[in-house]
Amino acid sequence: MKSVHRPIPLSELLSALTSTVVTLVDAPAGEDVITDSVAFMDIDDLTMEMPPGRALPEVYLQVGIGDEDAARWVRDLGERCPAEHRPRVVFSKSVSPRLCAAAHEAGIALVAVHPHARWEMVHALIERITGHGAGPRAVESAPALDTDLFGLAHSVGESTRGLVSIEDAQSRVLAYSADSSAAADEVRRLSVLGRQGPAGYLHWLQREGVFDRLRNTGDVVEVPAQREWNTRRRIAIGIREPGRDGLRSPTVLGTIWVQEAGEPLHTDSVKMLRGAASIAARVIWRTRHAPTTDALLIQRLLGAHGGDVDLAAFAETFGMVADGQAAVVGFARHSSRDEAEAAMHRGTVTLRLHASAFRQDCVTTRIGERLYVLFPEHRSVDRVTSWTRQVIGQIADRSGLTLRAAVAAPVAGLADAARARAEVDRVLDRTAALPAAEPVTTLARSRTTVLLAEILTLIGDHPQLRDPRLDILVDYDTTYSADLRTSLDAYLSHHGDVRTAATELSIHPNTLRYRVRRATQLMGLDLTSPPDRLLLEIQLAVHRHTNAT
């Protein structure tokens, strides 16, 4: 999912952060000033000369800098920096009269931050609200629930009449609904501020099995009010990894908590929470797997996301030459069985380490379920193949991930990388059935397998190329359990050697002769005719290939 962000007015940013975390002190230019980028105020900012014509981030967080120094910096900005290049707002935990006066004079809004709020959480939330961090905002004014956790929290809050917070698997707040501070209990206020709830309450949740139920079931968990810790009733549900097919327990990605506010939760709250958990799972999953800028560049070089890469700029960015022969290696899981995502992640890390040790200027990336390595200025197919075979064994030993690979080399520089990736994908697509003893191959070494698989796929995808007479044989076998197709297949595979084929089928040779004769009668074929025999072998192969895939 491509990250989408939009600049938002200060009023909307403050509303999303809620009065629990922030309070507007002064907005000399109004609350409609646009906020987009955010940065921590660094001590170096106080002495650094401003490059002419360069705009500063719209939002600054005053962290580790005293009010006197911050006020002097803000005052200097007002005197030396054009209004369009100044920050729009400063967030501060210690709002002194001197800082207020300096910000007002410079036309910069000032926002007070709750003294117990964690700065790293405030920074992450602002980035997430503006769309620069995880969970980007949608361009439309209405919250896009499939991309925006804040919009989701707001919608769930309206639907349930409760106060909603969405946390990751480490109990860090990702998003929350706007609320009245008076309606929030102490646990809610602390979580929004990025702090842990009372230790005794957390121990009680653990003792009552709440965390275990959230981790191990997809049920909505009821958490009654606790007078001892002054907490209100809440319900919660675990956010579980989407799209699992039941072969292993899905990974828990986080939790949605709904605290009862001034009135009871809506009767449909449990149903709403189940739906919200599914949406949150998709958002968090996509965000986790969104590639970095470098990864996107590498993937585009290899032909993904539309390609279109400035080769000279790419070579400069990654410290490699654009020309000269190279090699591309693609890795795929050896079978379609479900293997833990954690194993795939460990395998990716191990591959990157080994590839960099083999050649420092290589680049690695993951596209879908496959891993790729590009070795610039490398032309030895045998050397790359030997390395690939070794690294497959090491990954299997360390992560339990069984991989197979295809090598394309030599490759005519970076400009040929996308074609090379298409080549290794072509080989990997068509050689899945090769034995594990042959984990590494090339197009040259597996050309027969690749071409035959492509021919059979082509025929299978075009019904007009399928011989309907084979359907007669299949229907006869289904009706009478005659095994004519299997017998005919074995007979042709052994080049008409009746005894060898009969032994393979564990039947008498005369039985096989009868079945072959009956099959050819049903289909109207003459096995002494080379064209008939060739067509029949192709059609039987297509049938096997189609059923296998």
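# A tour of the predicted model

Start by selecting R98 and E68, whose side chains meet in a salt bridge with N to O at 3.8 Å. R98 belongs to helix α3 (residues 97-106) and E68 to helix α2 (residues 67-80), so this pair ties together parts that are 30 residues apart in sequence. Colour R98 by accessibility and its value is 47%, which counts as partly exposed. Keep in mind throughout that this is a predicted model.

Why might two such side chains pair at all? Opposite charges on side chains can pair when the charged atoms come close. Counted over the model, there are 22 salt bridges. Two further examples follow.

**Within one helix**

Select R215 and D212 next. They form a salt bridge, and their closest N and O atoms are 2.3 Å apart. Both residues sit in helix α8, 3 residues apart, which puts about one helical turn between them. Are they buried or exposed? Neither: R215 is partly exposed at 40% relative accessible area, and D212 is partly exposed at 34%.

**Between distant parts of the chain**

Now move to D425 and R370. Here the closest N and O atoms of the salt bridge are 3.1 Å apart. D425 is in helix α14 (residues 417-430) and R370 in strand β15 (residues 370-375), so the pair links distant parts of the chain, 55 residues apart. Both D425 and R370 are buried. Add R421 and D429 to the selection: salt bridges with shared partners join R370, R421, D425 and D429 into one network.

**Helix α1**

Go to residues 10-17, which make up helix α1, and show the side chains of its buried residues: L10, L13, L14, A16 and L17. Turn the view until you look down the axis of α1. The buried residues fall within an arc of 160 degrees, so they line one face of the helix. Then select T18, the residue that follows α1; its phi is positive, near 75 degrees.

**The second largest pocket**

Where is the centre of the second largest pocket? Select E167, Q170, S171, R172 and V173, the closest to that centre among the 36 residues of the lining. The space in this pocket is about 810 Å³.

To see which elements surround the second largest pocket, colour these, each of which supplies at least two lining residues:

- the helices α4 (119-130), α6 (186-192), α7 (199-207) and α8 (210-216);
- the strands β8 (162-168), β9 (173-176) and β12 (252-260).

Which of these gives the most to the lining? It is β12, with 6 residues. Colour the lining by class and you will find 15 nonpolar, 11 polar and 10 charged residues.

**A close approach at β12**

Stay with strand β12 and select V252, which is found there. V252 is partly exposed, with a relative accessible area of 22%. Add R240 and draw a distance between the two C-alpha atoms: V252 and R240 are 12 residues apart along the chain, and these atoms are separated by 4.5 Å.

**Two cysteines**

End with C81 and C362. C81 is buried, at 6% relative accessible area, and C362 also counts as buried, at 10%. How many disulfides does the model contain? The count is 0. For reference, a disulfide is a covalent bond between the sulfur atoms of two cysteines.

Notes
Residues numbered from 1 in each chain as written. Predicted model: local features only at pLDDT ≥ 70, side-chain atom pairs only at ≥ 80, totals over all residues. Heavy atoms only, no water. Buried < 20%, exposed > 50% of the residue type's maximum accessible area, 1.4 Å probe, protein only. Helix = DSSP H or I, 4+ residues; strand = E, 2+ residues; numbered from the N terminus. Arc of directions from axis to C-beta. Disulfide = S-S within 2.5 Å. 1 Å grid on protein atoms, 1.4 Å probe; cavity = no way out; pocket = protein on both sides within 12 Å on 5 of 7 lines; lining within 4 Å. Points joined across faces, edges and corners; volume = space filled by probe spheres on them. Nonpolar A, V, L, I, M, F, W, Y, C, P; charged D, E, K, R; others polar. Salt bridge = Lys/Arg side-chain N within 4 Å of Asp/Glu carboxyl O.
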